[in-house]
Amino acid sequence: MRPFWKKMLSCAMAFVCLTGAAAGLTGCHGSKERAAFEVSESFDTTKQYEITFWAKNDTNIRQTDIYKKTIANFEALYPNITVNLKLYTDYGKIYNDVITNIATQTTPNVCITYPDHIATYLTGSQVVVPLDELMADPAYGLGGSNLEFDSPTQEEVIPQFLKECSLNGHYYALPYMRSTEACYINQDYVEQLGYTVPDVLTWDFIWEVSEAAAKKGADGKYVLNGGDVMIPFIYKSTDNMMIQMLRQKNAGYSTQSGEVEIFNDTTKDILFTIADHVRSGCIFNV
């Protein structure tokens, strides 16, 4: 039987992740544990436990400090539990390490993940813990009466986000992190180029303004700022950019059953368009 403290972590980490992507917290069995999961009836505070937590940050010191402070606060509430934090700078690296460690039975107890990653983890035997019973447990589940902290109830979790954590009729993650697409515009530069920021932003407008911002003078300097460096347009994640553009054009990406639909004429047109703007120096990716 998996130790009872892991069900508490499903709730305890509610205040660890303060930003909101399709990423969530998922519970893995961890080292040398492959028996079917069962919910324990009590929590033994006299036993010492260790939790391995793999988390993602963007080399952001403040975010790292939040993780560390939250863990310290949690360990103060539960002095018989030690949380071992391992930080990654890329979701894909967490995914690859989990996949690799499934074979050696050294997966983390808890990790930050995407729902599609969980689908792959589920191909292993007893690798990911279904959270339904843990979430509903009246003592240690979401909003549980025996928790040493103020836990959110299931009703307080945004239903649409929670739904993304459900696969095959069970919840395997909790949406304590959720990204939101946002666009930041240097209005001064846009107006300096002779444009007005529209109420509804379009890709045609972005490309036109970005191409204008990428123009150089005879001296090789950018006309807009008179400098050697100008980055007209950045999209933080080109993966998300493609997904968004296909969705906006009602083009295929994939189906619930895993059928790949990304190879279509719309995808081809998008890629050629982006390639043209990359060559002209108006779009960059970080």
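**Strand pairing and helix packing in a predicted model**

Biologist: In this predicted model, how many bridges join strand β2 to strand β3?

Modeller: Strand β2 covers residues 49-56, and strand β3 covers residues 81-88. The two strands run parallel, and the number of bridges joining them is 8.

Biologist: Which residue of β3 is the bridge partner of Ile-51?

Modeller: Ile-51 lies within residues 49-56, the range of β2, which is joined to β3. In β3, the bridge partner of Ile-51 is Val-83.

Biologist: Is the β-α-β unit of β2, helix α2 and β3 right-handed or left-handed?

Modeller: Helix α2 spans residues 61-77 and forms the unit together with β2 and β3. The β-α-β unit is right-handed.

Biologist: Are helices α9 and α10 parallel, perpendicular or oblique to each other?

Modeller: Helix α9 (residues 238-248) and helix α10 (residues 265-279) pack at an angle of about 130°. Angles of 65 to 115 degrees count as roughly perpendicular and those over 145 as roughly antiparallel. The angle falls in neither class, and α9 and α10 are therefore oblique.

Biologist: Which residues of α10 make the contact with α9?

Modeller: From α9, the contact involves Met-241, Met-242, Met-245 and Leu-246. On the side of α10, the residues are Thr-266, Thr-267, Ile-270, Leu-271 and Ile-274.

Methods. Residues numbered from 1 in each chain as written. Predicted model: local features only at pLDDT ≥ 70, side-chain atom pairs only at ≥ 80, totals over all residues. Heavy atoms only, no water. Pairing = 2+ DSSP bridges. Helix = DSSP H or I, 4+ residues; strand = E, 2+ residues; numbered from the N terminus. Right-handed = clockwise from strand over helix to strand, strands pointing away. Axes fitted to C-alpha atoms, helices over the stretch in contact; angles between N-to-C directions. Parallel < 35°, antiparallel > 145°, perpendicular 65-115°, else oblique. Contact = heavy atoms within 4.5 Å.
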